[in-house]
Amino acid sequence: MRYSLILLFLLSVSVVVAQDQQLYADRVEVRGGRNRSGTVTEYDYGRQVTIEDRGGRVSTIPWRRIVRVHFGLDREELMRRDDPTAEAQDVTAAPDRGWRHQLTTTMGLSRSPLPFNQFGGRGQLNVGAGAAYHYVRPVGRVLVGVGGGAEVMSPRNDERVLLLTGLAEYQFGDGRLRPLVRLLTGANLPLGHPDLRLSGRSLGYVAHPALGVALLPPRGRWGTLLFDVGYRFTQVEFRTENQNLELVSRRINYRRLIFTIGTRF
């Protein structure tokens, strides 16, 4: 009799535990596919989520297909989530696309090494600004993109260039605040102005390594903030006429400290 009571007690405990495990579960809502319920075994913010259902099947879902993740939902909440009418009332999260838009603005500091002429005096401090747009997407852990922009190299001398650039970026860690390294390279084309009439121009190069941080949005939202500082090397080539109407070719190398702030969405 005593063994029968012990066996009955153990059986009751196992039933209660099993019911408790079924009452509560994690849930991953999937865009354009079947939602998963079970236990989240890996949550890699911004990359993927792995969930194991009660039957032992493991699913790894890429972040771009995830609408949202719920932890520890009870049975009634799971049933409500399975209701199509309730599903339609949920707020839409980040857009389902691999490509993203990136908008950045820059401020550049440099000191001109040229002797006094139309480009500025020796040791002159130049404070320039620029704006750029890139179309980017992740390829594994590396983010790549292509785009263009415009820069005012020196407002005092009205030196301006157009840019066509590509970028590669690597982010460290999986939290919301991620250190990053970025390399931006490409070509530039100088622009003239009333005091600098160009008779010809050539494509020059741009190289810009930088260190910074990316601040990812809270879960379920979108829009990343970017901050970085780097050093930009720019070579500008053009042809113009001097006061004697002689054709002069010029090649100017800029080396500037660049501060960047931007957003990616």
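1. A residue counts as partly exposed when its relative accessible area falls between the buried limit, under 20%, and the exposed limit, over 50%. Phenylalanine 172, at 42%, is therefore partly exposed. Keep in mind as you look around that this is a predicted model.

2. Phenylalanine 172 has a ring partner, tyrosine 170: the two make an edge-to-face aromatic pair, with 5.0 Å from centre to centre and 75 degrees between the planes. Tyrosine 170 is partly exposed too, with a relative accessible area of 31%.

3. How many aromatic pairs does a search of the whole structure find? There are four aromatic pairs. One of them joins tryptophan 99 and tyrosine 135, and this one is stacked, at 4.9 Å centre to centre with 20 degrees between the planes. Tryptophan 99 sits in the loop between α3 (84–87) and β6 (100–112), while tyrosine 135 belongs to strand β7 (residues 124–139), so the pair links parts that are 36 residues apart in sequence.

4. Are the two rings of that stacked pair buried or exposed? Neither, as it turns out: tryptophan 99 is partly exposed at 32% relative accessibility, and tyrosine 135 is partly exposed at 35%.

5. Now for the strands. Strand β9 (residues 159–171) runs antiparallel to strand β10 (residues 177–191), and twelve bridges pair them. If you want a spot to check by eye, alanine 168 has leucine 183 in β10 as its bridge partner. The two strands form a hairpin with five residues between them, and glycine 173 in the turn has a positive phi of about 85 degrees.

6. β10 also pairs with strand β12 (residues 204–215), again in the antiparallel sense and over twelve bridges. Here you can look for leucine 177, which stands opposite leucine 215 in β12. While you're following these strands, it helps to remember that side chains in a regular strand alternate between the two faces of the sheet.

7. Last, have a look at the surface. Met107, Leu125, Val127, Tyr205, Val229, Tyr231, Phe233, Leu257 and Phe259 make up a nonpolar patch there, together offering about 740 Å² of accessible area. Which elements give two or more residues to the nonpolar patch? They are β7, β13 (224–241) and β14 (247–264). β13 provides the largest share, three residues.

8. For a single member of that patch, try leucine 257. Its place is in strand β14, and leucine 257 is partly exposed, with a relative accessible area of 33%. Patch residues need over 30% relative accessible area, so leucine 257 passes that cut-off.

Notes
Residues are numbered from 1 along each chain as its sequence is written. This is a predicted model: local features need pLDDT of at least 70, side-chain atom pairs count only at pLDDT 80 or more; totals for chains, interfaces and linings use all residues. Side-chain values use heavy atoms; hydrogens and water are left out. Rings of Phe, Tyr and Trp (its six-membered ring) pair if their centres lie within 6.5 Å; planes under 30 degrees apart count as stacked, over 60 as edge-to-face and the rest as tilted. Helices (H or I, at least four residues) and strands (E, at least two) are DSSP runs, numbered from the N terminus. Buried means under 20% relative accessible area, exposed over 50%, partly exposed in between (1.4 Å probe, protein chains only). Two strands pair if DSSP finds at least two bridges between them. Patches are made of residues with over 30% relative accessible area and no salt bridge: like charges are joined within 9 Å, nonpolar side chains (Val, Leu, Ile, Met, Phe, Trp, Tyr) within 5 Å. Accessible areas come from the Shrake-Rupley method with a 1.4 Å probe; for residues, only the protein chains shown count as cover. A salt bridge is a side-chain nitrogen of Lys or Arg within 4 Å of a carboxyl oxygen of Asp or Glu.
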